[in-house]
Amino acid sequence: MSKPELIVSTSPHIRRPEDISQVMGDVLFALMPATAVGALIFGSSAFWVILTCLVTSVFSEAIIQKLMKRKITVLDGSALVTGLLLALNLPSGIPLWMAAVGAGIAIGLGKQIYGGLGHNPFNPALLARVVLLISWPAQMTRWPAPLTWGIDATTAATPLGVLKDEGFHRAIGYYYEILAFPDKADLYWGLFIGDVGGCIGETSALALLVGGIYLLWKGRISWPIPVTYLLTVFILTTIFWFKNPSEFADPLFHILSGGLMIGAFFMATDMVTSPITPRGKIIFGIGCGILTVIIRLFGGYPEGVSFSILLMNGTTFLIDRWKFTHPKKFGGR
């Protein structure tokens, strides 16, 4: 019999030569600037937290897959990405056993329990971070002072923490007193390059922007989620700032502070837990932005990025099924 000329198969019909390990390699490479800045600012303690999360994630995945008689896939790099993202969302002074517990939770409860990579409904690193935050709030909100400050202080407040507790003017004044910034522009430059307290990988907006642009250039992420996420936060915080500038921070302060940059470029864009259509991604980004602002301004926590992304992860399947988000069929009206 002659070979058939037409082969009908299920989607995807367009294939690319890249495999999972190449995608994860690009993500790891994009995270290197933020990792390097975090290690530079917080010193050896940050290095040990990062190493603990990486090693525990890889071993946890291998052990769980072995016990469940699944193919061991630690060489694809996904466990390394999960471990590094978790580490960059932790304080550098966290006990190493807690970092290991978080990495085990990320792999076990955030990923493998659903069937492994591609099946998890929630971002594993953020799920683990929230579990740690709820379980050990004191340790998860103790922020070591950056080594670059050159002061005899073991801990330091984060910009969003001071903002939540004492208002915008006090948040500005805190860094004037600690770092003797001569004006507001210098303070925002410190926020931009990462010379503030916070999680290991969230302090430097510049390093995260460099990594995010690299992922956009490589086509590993698309623009709708990060752009709509950041734009929504900018617009909403501008409205509240105009309403009461003494209580609410200006939009630039919100954009440069906390985990917004790492969330917008590296967490919300997770291809497994975010919508697949352009309209769906825009809706997802807007939802993340709205929830982040609500939690930051009116919630009990100073930061809302982790909670907002996880909440929107839970709506991804609904967004993907909503007909409004579906692209027009080829040849259809």
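What volume does the second largest cavity have? The answer is about 40 Å³, and you'll meet that cavity in the second view below. One thing to keep in mind as you look around: this is a predicted model.

**View 1. The largest cavity holds about 340 Å³ of space.**
Rolling a probe the size of a water molecule over the atoms is how empty space shows up. Counting cavities of 30 Å³ or more gives two here, and this view takes you into the largest cavity, with its space of about 340 Å³. Its lining is made of 22 residues, and the ones closest to the centre are Met24, Val81, Leu85, Asp270 and Met271. Which helices should you look for around the largest cavity, if you want those that give two or more residues to its lining? They are H1 (20-42), H3 (78-88), H5 (124-135) and H13 (260-267). H3 provides the largest share, with four residues. Sort the lining of the largest cavity by class and you get 14 nonpolar, five polar and three charged residues.

**View 2. The second largest cavity is lined by residues that include Asn89 and Ser306.**
Here's the cavity from the opening question, with its volume of about 40 Å³. Go round its lining and you'll come across Asn89, Leu126, Arg129, Glu202, Gly259, Ile262, Gly263, Met267, Glu303, Val305 and Ser306. Three elements give two or more residues to this lining: H5, H13 and helix H15 (305-313). The largest share belongs to H13, which supplies three residues. As for classes, the lining of the second largest cavity splits into four nonpolar, four polar and three charged residues.

**View 3. The largest pocket has a volume of about 650 Å³.**
Now for a pocket. Of the 20 residues lining the largest pocket, Val23, Gly219, Arg220, Met271 and Val272 are the closest to its centre. You may recognise Met271, since this residue is also among the closest to the centre of the largest cavity. Which helix gives the largest share of the lining of the largest pocket? That's H1, with three residues. The lining of the largest pocket is made up of ten nonpolar, five polar and five charged residues.

**View 4. Helices H11 and H14 pack together at an angle of about 35 degrees.**
A pair of packed helices can be described by two things, the angle between their axes and the distance between those axes. For H11 and H14 (residues 278-298), the axes are 7 Å apart and the angle is about 35 degrees. Is the crossing of H11 and H14 left-handed or right-handed? It's right-handed. Where H11 meets H14, the residues of the contact come out as 15 nonpolar, six polar and one charged.

**View 5. Asp250 sits in the loop between H11 and H12.**
Find the end of H11 (224-243) and the start of H12 (251-256), and look for Asp250 in the loop between them. Asp250 has a relative accessibility of 5%, so this residue counts as buried. Check its side chain too: one of its polar atoms lies 2.9 Å from the backbone nitrogen of Phe253.

**View 6. Val131, in helix H5, is partly exposed.**
How exposed is Val131 in numbers, or what is its relative accessible area? The value is 29%, so Val131 is described as partly exposed. Now look for Ile105, which is 26 residues away from Val131 along the chain. The C-alpha atoms of Val131 and Ile105 are separated by 8.3 Å.

Terms used
Residues are numbered from 1 along each chain as its sequence is written. This is a predicted model: local features need pLDDT of at least 70, side-chain atom pairs count only at pLDDT 80 or more; totals for chains, interfaces and linings use all residues. Side-chain values use heavy atoms; hydrogens and water are left out. On a 1 Å grid over the protein atoms alone, a cavity is a set of points where a 1.4 Å probe fits but cannot get out, and a pocket is an open set with protein on both sides within 12 Å along at least five of seven lines; lining residues have an atom within 4 Å of a point. Grid points are joined across faces, edges and corners, and a volume is the space filled by probe spheres set on the points. Ala, Val, Leu, Ile, Met, Phe, Trp, Tyr, Cys and Pro count as nonpolar, Asp, Glu, Lys and Arg as charged, and the others, Gly among them, as polar. Buried means under 20% relative accessible area, exposed over 50%, partly exposed in between (1.4 Å probe, protein chains only). A polar contact is a pair of N or O atoms within 3.5 Å; within protein, one must be able to donate a hydrogen and the other to accept it, and residues adjacent in sequence count only if both atoms are side-chain atoms. Axes are lines fitted to C-alpha atoms, for helices over the stretch in contact, and angles run from 0 to 180 degrees between N-to-C directions. A crossing is left-handed if the near helix is turned anticlockwise from the far one by less than a right angle, and right-handed if clockwise.
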